[in-house]
Every structure is written in structure tokens, then in C-alpha cells.
Amino acid sequence: MDRDPRWLPEMVVTDECFDATGVAELLQPIVDRHRREPERLLQILLEAQGVLGYLPRTALTAIADAVELPRARVEGVAGFYSFLHLQPVGRYRILFSDNVTDRMLGSVELMDRLCNRLWIERGKVSEDGLVSVDTTSCTGMCDQGPALLVNGQPLTRISAERIDRISELARAQVPMTDWPREWFVVADNVRRRDVLLASGWSAGDAMRAAVARGRERLLDEMKRSNLRGRGGAGFTTHTKWESARRAPCRDPQGSRYVVCNADEGEPGTFKDRVLLASHADLVFDGMSVAAFAIGAEKGLLYLRGEYAWLLPALNGNLMRRRQNGLLGVAVCGQSDWKFDIDIHLGAGAYVCGEETALLESLEGRRGVPRIRPPYPAQQGYRDQPTVVNNVETLCKAALIALRGGAWFAGLGSKQSTGTKLLSIAGDVESPGVYEYPFGVSINQVLNDCGAGNAQAVQVGGPSGNCLATHEFTRRIAFEDVPTAGAFTVFGAHRDMFEVARNFAHFFAHESCGFCTPCRVGTTLVANCMDKIANGNGSQYDISEIFRIHRLLHAASHCGLGQTACNPLFDTLNKFRPAYERRLRSLDFAPAFDLDQALSVARQMTGRDDPAAHFSRAAGFQRADP
Amino acid sequence: MNAPSLLLDGLPVPFSDGQTIMEAATVAGIFIPHLCHHPEFKPQGSCKLCTVKANGRYVSACTMPAKDGMEVENNSPDLNDKRRTLLQMLFVEGNHFCPSCEKSGNCLLQALAYELEMLTPHFTQFYPDRPVDASHPEVLLDFNRCILCELCVRASRDVDRKNVFALSGRGIGKHLIVNAESGRLADTGFSLADKAAHVCPVGVILEKRQGFLQPIGCRRYDLQPIGMQVGRPPATGSSEQGS
């Protein structure tokens with residue numbers, strides 16, 4: 001998705017380098033390829049950035065003109081997504097994955113090392129415009145971290161030696177195509193296979209099975225299976241399909257839609273990445289089966305920007321399916337079955353995993369969750385009835401089309417049928433993807449993955465639950481410990497306060513900013529955690545966190561805000577000493593540190609003598625004359 | 001056949017089909033605090049000041065359709081405490097200095113802070129750096145006071161058909177922008193005659209040379225608390241001050 005560093009001349013790029021006519025000409029093939037459709041705006045912006053390196057002011061104007069949208073709306077979209085840049089970035093743009101698992105593997109020290117070797121500050125572009133280094137939210141490589149993205153390409157298992165080599169290659173401006181190939185290897189690390197991962201079906205098998213059953217019987221089988229959504233909420237898939245199928249199309253010309261939510265943004269989860277990399281046919285079969293069931297003519301797969309590197313293979317797969325009669329007209333030889341699939345790229349926005357924010361993003365807008373009701377099954381993509389399902393859910397639907405609902409319902413527990421993929425990472429011997437029937441105990445999972453001294457497991461990512469040892473007898477199931485798939489293990493030596501602080505910053509970074517409580521509250525909470533981390537915390541700050549937690553839980557517009565304080569709430573309740581040993585007093589301490597505030601002045605004047613310091617005792621004397 | 005009604009703090013409030021809780025309450029003369037809601041525009045439910053408890057669940061009164069028999073809790077210590085915290089969040093997020101603000105007395109944010117007895121901002125101020133835009137001959141934009149209610153966005157888009165305003169950024173970095181490559185209001189099609197010039201509930205969009213024509217102390221919410229003005233059209237930006 002990003003340009004090769006060789007494409008542009010070696011110069012420092014600014015907005016002044018892009019004159020309006022030149023930019024409009026450069027971008028014309030891109031907007032034309034997207035038929036100047038406003039709904040393709042995000043895709044157009046991504047490709048425009050691929051050509052120009054970032055999105056200068058003139059480019060936004062040219063794109064707005066081409067798609068006939070107000071310029072401010074285009075700028076609003078460009079300003080929303082982390083992977084779109086309104087300011088120049090380095091020709092090598094290096095983003096360290098900032099999940100807690102990457103940190104546990106030393107990513108912070110590695111990033112410092114790289115910044116030092118390149119003589120740059122984090123978040124800033126080097127003076128020659130060559131390189132920039134920053135962090136990004138979890139890139140879904142927790143089982144092979146620390147990980148980073150260079151111009152959108154993932155590098156896994158980063159070590160100090162690799163960091164040194166990366167800095168040399170970047171400085172020598174070696175094209176990324178000439179970097180060692182083994183750095184870019186992304187392993188599947190499948191550790192336990194059950195019915196999904198062990199299945200050996202060929203492309204189209206599930207679709208042919210669905211056709212053989214017919215639409216009514218297929219829906220009966222779905223109902224019998226009691227399949228529930230694997231994205232976390234656990235809504236019954238059959239109910240979604242049935243209501244989308246029955247909902248009237250508002251636009252008589254319009255169609256129903258099937259959307260695959262491949263915006264796997266929950267920190268700690270990566271199982272959808274493995275499904276998309278190695279079981280894409282099952283995913284596309286699942287989408288087609290859903291389309292067959294509800295009468296949809298169009299499918300959209302929303303692929304998170306961090307997985308853009310999967311795009312060529314996925315598009316190749318779609319081409320093959322078109323050639324083999326599995327997509328297009330007369331699908332599976334059925335003269336009345338018309339269906340095709342398009343892939344849309346996200347651009348770094350966790351909130352787009354929320355299904356209505358995802359639909360907004362698919363329509364080329366800022367990824368802000370919609371007001372519900374109406375639900376997508378009634379009014380989804382383009383206000384038409386739309387089924388939005390997680391990658392794993394669609395794979396399961398394909399299996400149900402093949403093997404029937406009763407077979408599926410025989411797996412797992414009564415309320416949680418079938419199997420669940422877990423993305424296991426952290427302090428374990430064998431991180432990777434594990435498939436279990438629902439109902440498996442935390443203890444058994446910990447045994448299987450080799451977690452010797454776990455003190456806690458974060459199940460379902462930051463928005464899920466943090467379980468302590470006394471809860472390890474609990475089971476993975478909707479009725480006990482529900483999960484979208486993340487299973488992050490923390491050994492006894494880990495500091496649970498720092499884990500929660502990482503999550504607090506994650507939510508502050510990913511809040512869409514639509515509603516007041518989440519927009520301001522997530523930042524207030526992150527600041528509170530920093531205050532405690534800096535040794536200025538008190539019991540007062542802990543009460544503040546609880547208070548904000550209650551407000552966010554009650555008043556936030558969507559699940560992101562409602563769950564944003566969960567990890568803090570859990571760790572405060574279960575790992576309180578991790579907080580309390582940092583508190584300066586158990587009453588109140590101000591965040592403002594007078595001596596610390598003088599550090600900038602000291603740096604500027606090059607002084608560090610005792611007279612340039614404001615001792616705490618002296619400070620109080622002077623402040624209160 | 002009886003008209004449908006809901007119970008608002010125990011009082012029966014009739015409503016007609018399709019009305020929201022907010023609309024039903026307004027007709028009945030009951031005040032539900034709000035900032036981003038305006039009866040002339042499509043509700044958006046972002047400020048969350050109008051959070052009420054409907055049948056035990058927290059919902060936004062401005063977007064939630066009223067249902068027959070629905071029990072709604074509005075004026076309760078729990079909800080007012082949450083609203084106060086939301087106000088405090090808005091106060092520390094921007095730069096709000098009421099004594100020196102020319103919107104003082106006509107400002108919805110200030111009026112609600114009085115109404116809900118917000119005594120301090122409570123949280124640490126963010127003090128964001130938000131330069132003002134004085135480029136337009138008739139109107140000043142002081143972004144420091146923006147509460148991101150999107151009323152100007154909606155008015156310019158849905159009434160004026162000009163799309164002068166939009167939001168950019170994300171999270172705490174979300175901010176109001178104008179429709180010009182230069183980023184200046186003077187380079188947009190904005191005019192004082194626009195609806196969008198008169199919907200700002202706080203002191204962002206201000207008509208120039210009108211600032212203190214109406215003295216502080218004689219303004220709308222100086223005279224009567226906002227909670228007693230239910231049903232009157234909301235404060236209408238700069239034009240209000242001259243009247």
C-alpha cells in the first residue's frame with residue numbers, strides 16, 4: 001500500500017512541492033479506477049498516499065473535486081485514520097506494534113535503540129525526510145513479536161541485531177525488496193486443530209452443499225447449529241441472517257449485502273489473520289453461503305489496514321474464484337445466483353471493528369458508530385439489509401452448510417456451540433492459534449500452551465476480562481468467560497499496573513471522539529495512570545478511575561467507551577497492590593511537579609547544578625509565603 | 001383508544017408515534033439537559049448530557065424513540081451527577097473562561113453548568129492550543145470554546161447546503177474544520193445570513209462588532225435559569241445578543 005522509497009527524488013517533501021494541477025493529474029488514474037465514487041473515498045485516499053507519500057492539501061482538494069464531496073469532508077476522513085497522513089512522513093515509515101505483548105518482548109527498548117541509531121525522535125521525521133519511527137496499535141503478530149511495520153510490510157521477531165541492520169539498510173536507502181526475506185516471514189503457528197483448522201474442504205464445497213440443501217433448509221441448519229457470532233458480542237447468526245433476509249430493501253434497485261468484518265483490531269488477537277492467510281477459501285465460502293441464504297448480490301470484506309500485506313493473495317484468490325464459477329454470474333452453475341466480493345482496506349482505526357462504524361468506513365466516511373436501532377440487518381451498508389459477520393463466524397457457517405446444524409450443536413456447550421479459535425500469546429512456551437470446543441477451562445488452555453507461572457490472563461483483549469489465578473477454573477463460553485479470541489498470559493513477574501496502563505493508552509488513542517464520555521474520559525484515565533506511574537498518585541486517583549469507569553460504562557455511545565475502563569476495573573479489583581505500591585500518599589498528591597517542570601529550562605540552559613533544581617521542601621516554602 | 005404515554009420521573013407524558021423521549025418531554029414542558037440536541041435538526045446523541053434511564057438502561061433521550069409504558073428516570077441524583085461530570089469534561093477539554101467570554105449569559109454550556117450546580121472543573125485542564133480564525137469580515141471563530149456538538153456542521157450541510165464546517169481528527173484530537181484549502185473561514189462560502197452562523201450553543205461562532213451590545217447580566221440565562229425555559233427555542237448564536 002505504500003510507495004517504494006525509490007519512487008520519489010531524494011528531497012525533503014512539503015506541501016509546497018505539490019502544485020494543484022500536477023497533483024490532480026497524478027491522481028486521475030486512481031479516482032477513475034474507483035469510478036469517482038464517494039463511497040470509495042477511503043480507498044482513494046490510501047492509494048493517493050501510496051503515490052504521494054502523504055496527503056498534501058492540494059491532493060485533498062483534487063480528490064474532493066473528483067468525487068464531488070465537500071473538501072472539508074474529505075479532510076475529515078483523512079484526519080480520522082491513523083494510517084493516513086496530512087503531514088509528510090519518512091520515506092521509510094517504521095511503526096512499532098505497541099501491544100502489551102510486544103512490550104513484554106522488549107519493543108520499547110528496541111524502538112529507543114532504533115531512534116538512537118537513526119538520530120531521530122520518536123514521532124518525528126528525520127531532517128532529510130528519510131525515515132520516521134513511531135508506535136501503532138497491535139499489528140496482530142503477538143505470537144511472533146516484537147513486530148513492526150515498515151511501509152505497511154510486517155517484520156516479525158525483531159531483535160537488537162535486526163534493529164541495527166534495519167537502521168543501516170534504511171540509511172543506505174536499500175529498497176525493501178532487497179531486505180532479507182526471512183524478516184518478513186509471518187508464521188501461522190497453529191498449535192491445536194479442531195473441526196475448523198483440521199478441515200480439508202476445497203473452495204466451493206460449502207457453497208455446493210448450501211445449494212444442495214436449498215435456502216430454507218440451510219437456514220434451518222443454521223438455526224439448529226445455534227452458531228453465535230465469534231466477534232465477541234455472541235449474537236445468534238441465524239437471527240441476523242433471517243432478519244436481513246426478511247427486511248425489505250429500501251432502494252428497489254438495491255441489493256442485500258454480506259460484510260465480512262476482518263478488522264481484527266482487539267489487541268492480542270490474530271486468529272483471523274491465520275484464517276485469511278491459510279483458510280481464505282473457507283472465509284469466502286462462508287460469505288457466499290450467507291449471501292445465498294439472505295439473497296445478497298454483493299459481499300464486502302473489510303480488511304484492517306495492518307493486514308494490507310494480505311491483500312494481493314486475497315485478491316488473487318477472488319480472481320481464481322471468478323474463473324472457477326464461484327463468483328460472478330451463475331455462481332455454482334445456478335443461473336439465478338449472482339454474487340461477487342470486494343475487499344476494502346481499513347486504515348488504522350480499532351473502532352471500525354464495531355459493525356456500524358465499519359459500515360460508515362465502508363461508505364467512505366469517518367469510522368463513527370451509528371445510532372442503533374436501526375440495526376445493520378435492517379439498514380446497513382447503503383441503508384440496505386446487511387449481514388455483518390466476523391471472519392471466524394463465516395468459516396463456521398461454511399462448516400455448518402457442509403456438515404449440518406446438529407453436528408455443530410453437538411460440539412461445545414449448549415449455549416456456546418462449536419469451537420473457538422484462541423490467539424494465545426504472552427508468557428507461554430508455545431504462542432499461536434489454538435482451536436478448542438467451547439467450554440474448555442482456562443487451566444487446560446494454560447497447560448496446553450505451556451504457561452508455567454501465570455498470575456493473570458486477559459481474555460478477549462483489553463475490552464474483555466482479566467482473570468486471576470482463582471478464576472482459572474472458569475471456562476471459555478458465552479455463559480462464563482466470553483471472548484473474541486485474545487488470550488494473553490501474564491507471568492508472575494509481570495507488573496499488572498503497566499499492563500492496564502498500556503490498555504488505557506490504547507483506548508485513548510483509539511476513541512473515535514464522537515461522544516463526550518469516551519473522547520475525554522479515555523484521556524483522563526490515561527493521564528491518571530501516568531500520574532500514578534510517575535509516582536504522584538494517591539487513593540484519590542484510584543477513586544477517579546472508578547468514577548470515570550462508571551460514567552463511561554453508562555453513557556458511552558458504543559462498546560469501545562463502555563468497555564474502555566474494564567481492564568483498569570479488573571486489575572484494580574484483583575491486583576490492587578500493583579497500584580498501591582506506586583502511590584505517593586493514600587490521600588492526595590498533585591500531578592504537577594515543580595522541579596520536573598523546570599527540566600525544559602535546565603535542558604535549554606544546559607544547567608544541572610543544585611541551584612537549577614527546586615527541591616520539594618524548598619518548593620513548598622516558596623509557594624506558600 | 002388511549003394516546004401512548006411514557007412515565008417520566010413518575011409523571012405520565014403523552015407522545016405521538018415517532019417522537020423521541022426528548023421531544024415528548026419538551027412538549028410536556030419537562031427539562032432534560034442537552035447540548036448537541038436542537039429541535040430543528042436531526043438528533044445525533046453525541047454530548048450525552050441528555051442521558052436518561054429508560055426501563056433501567058442508560059440511553060440518550062434525544063435519539064431514543066419513546067415507547068408506550070416506558071419508565072424514564074431523568075431528574076435523579078445519579079443522572080445529574082453523571083451530567084455534571086460530562087460538563088466538567090467539556091470544560092477541561094477546551095478553554096472556557098466565562099468571565100471574559102462574550103457569550104457569557106447566552107451560553108448553553110455555562111447555563112447548564114449553573115443548572116447542574118457544577119462548582120469546579122474538577123479535572124486537570126487540558127489547555128489545548130486552538131488558534132482563533134478572525135479571517136472572515138463578519139464572523140470570528142474561536143475554536144477554544146468548541147464542544148463538538150456539530151450543530152454548525154448540521155446547519156451548514158442540511159439547511160444552508162454549503163458544508164462550510166466538518167470535523168477532522170480523532171479522539172481527543174477531534175476538531176472543527178472549515179471547507180477551504182487554506183483552512184480559513186474567509187475562503188469558504190460562509191456568510192452571516194447562514195443558519196450555521198446562528199446555531200452555536202457556545203461562543204465559537206461570533207458575529208463581529210456585536211460582542212457586548214447587550215450587557216452581561218441582562219442576557220437570556222442571566223434572567224432565568226435554563227431549566228425554566230423549556231419549549232423556548234434554544235439560544236440562537238450571535239443574533240440573540242442584540243435582541
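Guide: A nonpolar core is a set of buried Ala, Val, Leu, Ile, Met, Phe, Trp, Tyr and Cys residues joined through C-beta atoms within 7 Å, where buried means that 20 or more other C-beta atoms, placed from the backbone, lie within 10 Å of a residue's own, exposed means 12 or fewer, and partly exposed lies in between. The model here is predicted, so local features need pLDDT (the predictor's confidence in each residue, from 0 to 100) of at least 70 and side-chain atom pairs count only at 80 or more, while totals for chains, interfaces and linings use all residues. Residues are numbered from 1 along each chain as its sequence is written, and chains are lettered from A and ligands numbered from 1 in the order in which they are written.

Visitor: Which helix gives the most to the largest nonpolar core?

Guide: This core has 259 residues, of which A:Leu45, A:Ile63, A:Val283, A:Ala290 and B:Ile21 touch the most other members. A:Ala290, for its part, touches residues including A:Trp241, A:Val258 and A:Leu394, when residues up to four places away in sequence are not counted. With helices (H or I, at least four residues) and strands (E, at least two) taken as DSSP runs numbered from the N terminus, the helix that gives the most, with eleven residues, is H12 (residues 280-294) of chain A.

Visitor: Through which helix does chain A cross from S7(A) to S8(A)?

Guide: Strand S7 (residues 296-303) of chain A has seven of its eight residues buried, and S7(A) pairs (at least two DSSP bridges) in the parallel sense with strand S6 (residues 256-262) over seven bridges, A:Cys260 standing opposite A:Leu301. S7(A) also pairs with strand S8 (residues 340-345) of chain A, again in the parallel sense, over six bridges, with A:Asp340 as the bridge partner of A:Lys298. The β-α-β crossover from S7(A) to S8(A) is right-handed (clockwise from the first strand over the helix to the second, with the strands pointing away from the viewer), and the helix on this path is H13 (residues 311-323) of chain A.

Visitor: Which elements of chain B help to cover the buried residues of H4(A)?

Guide: Helix H4 (residues 71-78) of chain A is largely enclosed by the rest of the structure, because eight of its eight residues are buried. Its buried residues include the charged A:Arg71, A:Arg73 and A:Glu75. Their cover includes helix H2 (41-52) and helix H3 (57-67) of chain A and, from chain B, S7 and S8.

Visitor: Which element gives the most to the side of chain B that touches chain A?

Guide: In the model 29 residues of chain B are in contact (C-beta atoms, placed from the backbone, within 7 Å) with 31 residues of chain A. Helix H2 (77-93), strand S7 (165-168) and strand S8 (175-178) of chain B each supply at least two residues of this side. With six residues, the element that gives the most is H2(B).

Visitor: Over which residues of chain B is the pLDDT below 50?

Guide: Chain B averages a pLDDT of 94, and 95% of the residues score at least 70. One stretch nevertheless scores below 50, although beyond near neighbours in sequence it has 16 contacts in the model. Where pLDDT is low, the predicted coordinates should not be read in detail. The stretch in question is residues 238-243.

Visitor: Is A:Arg35 buried or exposed?

Guide: A:Arg35 is found in the loop between helix H1 (20-33) and H2 of chain A, and has a positive phi of about 50 degrees although it is not a glycine. Because A:Arg35 has 9 other C-beta atoms within 10 Å, it is exposed.

How values were computed
Contact = placed C-beta atoms within 7 Å.
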